[in-house]
There are 2 protein chains.
Amino acid sequence: MKGNVIVGQSGGPTAAINSSLAGVYRTAKDRGAKKVYGMRYGIQGLLEEQYIDLSEHITNELDSEILRRTPAAYLGSCRYKLPEIHEDMALYEKIFEILNRLEIEAFIYIGGNDSMDTIKKLSDYAIITGQPTRFIGCPKTIDNDLALTDHTPGFGSAAKYIGTSVKEIICDSFCLKYNKGLVTIVEIMGRNAGWLTGAAALAKGEDCEGPDLIYLPELTFDVEKFMEKIKQLLLKKSSVVVAVSEGIKLEDGRYVCELGANVDFVDAFGHKQLTGTASYLASRVASELGCKTRAIELSTLQRAASHCASRVDILEAYQVGGAAVKAADEGDSGKMVVLERRSDDPYQCGTEVKDVHKIANDEKVVPRAWVNKEGTYVTDEFVTYVKPLIQGDVAPVMVDGIPRHLNRPR
Amino acid sequence: MKGNVIVGQSGGPTAAINSSLAGVYRTAKDRGAKKVYGMRYGIQGLLEEQYIDLSEHITNELDSEILRRTPAAYLGSCRYKLPEIHEDMALYEKIFEILNRLEIEAFIYIGGNDSMDTIKKLSDYAIITGQPTRFIGCPKTIDNDLALTDHTPGFGSAAKYIGTSVKEIICDSFCLKYNKGLVTIVEIMGRNAGWLTGAAALAKGEDCEGPDLIYLPELTFDVEKFMEKIKQLLLKKSSVVVAVSEGIKLEDGRYVCELGANVDFVDAFGHKQLTGTASYLASRVASELGCKTRAIELSTLQRAASHCASRVDILEAYQVGGAAVKAADEGDSGKMVVLERRSDDPYQCGTEVKDVHKIANDEKVVPRAWVNKEGTYVTDEFVTYVKPLIQGDVAPVMVDGIPRHLNRPR
């Protein structure tokens with residue numbers, strides 16, 4: 001490379017997004033980039049001229065290793081959708097003025113659907129206006145909902161954390177006996193795509209029966225049928241564990257978590273509060289069946305748990321970062337790096353680049369065939385797909401008993 | 001030993017309680033016990049003659065290693081307080097009839113305050129009625145609230161998980177910028193003792209500023225002062241992270257989590273719902289300050305997270321199990337094994353036995369001197385006390401990407 005590289009992170013953070021950043025940095029340096037800049041808070045920060053020289057922060061190989069083990073977006077992130085080019089030409093001019101001043105040859109953006117939309121618009125603008133900067137997207141999202149790529153970096157580590165935590169919760173749930181049984185509802189992220197919720201099935205094995213029911217957001221949720229299922233299960237076992245997506249909806253389109261709001265929970269200031277999906281269902285079960293219930297939200301923990309990251313995921317995240325720089329260096333623009341699975345067993349997967357116009361704003365959901373007929377569990381095909389992505393560990397670098405992370409830029 | 005040993009687990013499960021069970025089993029076998037029985041569901045199960053022969057379940061050294069890495073109570077647990085001896089003599093007769101039939105020489109009970117009360121009553125009864133069976137208690141509780149022992153097995157692993165998770169949450173909280181800032185409230189277990197909540201301070205280090213505020217249940221909580229603190233912090237930083245105990249109370253004695261109920265949240269069936277402490281405070285902050293908030297409950301995860309266990313904790317849990325059998329074999333009864341710290345740095349700790357009459361039902365709380373004057377953070381003394389207990393890891397035995405546990409007895 002003759003010029004400089006700039007890299008940004010966008011959307012919700014993950015446990016693997018910094019491994020992609022480390023991959024971008026390393027490959028850019030290896031290919032001769034003079035400077036590798038990091039946008040603070042994505043394109044939104046760049047517009048305010050917030051960027052850093054990454055070589056001042058990643059000063060040696062150890063820093064790079066620690067960065068790969070640091071959760072969340074090291075550079076800071078944003079949720080910002082660029083306007084259409086014709087809507088605000090001045091904004092695009094401003095961005096390119098900054099890029100040109102920094103002598104940027106390659107612009108790498110690590111993110112999900114909205115980020116790919118940014119890559120698409122910026123590369124379109126560059127072509128229209130005849131500018132040489134190249135724009136490549138690097139997939140990232142725990143939700144695994146990006147089209148065209150077999151899976152997204154970030155998903156494997158979140159899935160591993162979910163499988164591990166749900167297994168530990170199941171273990172715990174069998175300890176104490178309650179007169180009318182115990183029902184535990186675990187709420188998992190993924191508003192429209194059930195990839196993460198389905199990963200609860202990973203808890204199942206020779207040593208654990210796994211969750212009893214799994215409800216994905218792709219299918220309509222029926223509260224009455226759910227209650228009947230629970231009732232039947234409680235006749236057979238003392239502890240029932242259910243994994244639900246935060247985004248499950250009724251037939252009429254309302255989210256289950258909105259039902260809590262119907263019962264007039266208004267806080268001291270008059271604001272209506274939505275209770276969570278799990279806590280709503282747990283309170284329904286407790287009320288109707290009289291059993292003990294627990295509602296557990298995996299919340300932020302599931303996307304930030306670097307201490308439980310998947311080795312395959314962290315390595316692939318690093319690879320796609322490197323592949324993005326390579327693609328730009330070889331002349332590609334307006335592309336996203338994708339992961340292409342060649343085989344499940346032995347697991348083999350490589351990178352390709354695909355046209356970002358085909359990816360942006362297209363949400364990949366769990367196929368209907370990967371959920372059982374009743375809509376209450378994922379199939380073996382689903383598990384076969386996810387299993388390779390959670391293999392191996394990345395030992396945190398422990399300092400004084402706690403994982404060490406790379407110091408955030410200030 | 002000439003006779004048999006029986007061991008039970010009681011109270012809330014932890015990540016280390018099965019390591020104590022493994023220690024009991026190993027030492028009992030080493031000392032020549034013919035049979036080592038495990039009570040299912042503690043003394044409550046024993047009363048229904050539910051017990052297993054542990055040698056059928058721990059068949060080799062690998063099983064024992066896996067058991068030490070299995071969270072929650074392997075044998076099942078109970079929350080059951082024995083009546084006073086004079087209140088129900090028949091119950092005691094029944095227990096001793098079972099113990100005598102099984103030729104029990106040593107009865108080991110792994111648990112917290114209530115469990116030590118059980119040891120006290122059973123050993124008193126044995127002395128009164130001149131029976132030879134010996135009763136020894138083995139400390140266990142994530143809450144670390146047992147008297148006379150420097151700390152309790154189970155606490156170190158929970159503290160390590162809390163420190164690690166809070167650090168990851170802080171990392172995550174700085175990624176996205178919100179107009180009026182982000183306030184994250186993390187709710188931690190420990191209704192009366194703040195040991196676990198204080199462990200959130202472990203997140204603090206060269207690479208992380210740690211939580212901004214820590215509120216223990218030992219001190220009165222003032223909502224207005226809290227709001228003012230948050231307001232001041234938001235002037236200086238974009239993300240504020242607060243650790244609160246689930247048991248913080250107002251000056252008038254009401255739990256903060258009860259305040260949610262004052263605002264008439266009644267579910268579809270007319271039952272009043274208590275919202276959690278964190279979600280109540282988060283909704284107050286959102287309403288009054290207009291900033292983005294997040295409420296995160298570490299819930300069951302903090303006591304079941306074997307995948308993040310502390311090596312010191314798992315080893316000490318094993319040791320106290322062994323020491324309990326040794327004490328019984330040497331003629332002790334009505335005693336609890338305690339951990340005695342000899343030095344912080346280098347950390348040195350050994351076991352002793354103490355009279356269970358001095359322990360039972362006495363709750364150890366965080367000393368006032370280990371909380372700052374304002375009551376908003378723990379002191380360095382607190383951290384110095386906890387640090388040695390979270391050192392080292394116990395690598396989970398991973399099978400197909402997920403930690404393997406020992407099969408639960410059926």
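These questions and answers cover two helix contacts and the cavities of a predicted model. Local features need pLDDT of at least 70 and side-chain atom pairs 80 or more, while totals for chains, interfaces and linings use all residues. Residues are numbered from 1 along each chain, chains are lettered from A in the order written, and side-chain values use heavy atoms without hydrogens and water.

Trainee: How are H1(A) and H12(A) oriented to each other?
Mentor: Helices here are DSSP runs (H or I, at least four residues), numbered from the N terminus. The axes, lines fitted to C-alpha atoms over the stretch in contact, give angles from 0 to 180 degrees between N-to-C directions. Those of H1 (residues 17-30) and H12 (residues 311-329) of chain A come within 7 Å and cross at roughly 40°. Angles under 35 degrees count as roughly parallel, over 145 as roughly antiparallel, 65 to 115 as roughly perpendicular and the rest as oblique, so H1(A) and H12(A) are oblique.

Trainee: How are H1(A) and H3(A) oriented to each other?
Mentor: H3(A) spans residues 61-68, and its axis comes within 7 Å of that of H1(A). The two axes cross at roughly 150°. The helices H1(A) and H3(A) are therefore roughly antiparallel.

Trainee: Which residues of H3(A) meet H1(A)?
Mentor: Contact means heavy atoms within 4.5 Å. From H1(A) come Asn18(A), Ser19(A), Leu21(A), Ala22(A) and Arg26(A). Their partners in H3(A) are Glu61(A), Ser64(A), Leu67(A) and Arg68(A).

Trainee: What is the volume of the largest cavity?
Mentor: A cavity is a set of points on a 1 Å grid over the protein atoms alone where a 1.4 Å probe fits but cannot get out. Volume is the space filled by probe spheres set on the points, which are joined across faces, edges and corners. The structure holds 5 cavities of 30 Å³ or more, and the largest has a volume of about 140 Å³.

Technical notes:
Helices (H or I, at least four residues) and strands (E, at least two) are DSSP runs, numbered from the N terminus. On a 1 Å grid over the protein atoms alone, a cavity is a set of points where a 1.4 Å probe fits but cannot get out, and a pocket is an open set with protein on both sides within 12 Å along at least five of seven lines; lining residues have an atom within 4 Å of a point.
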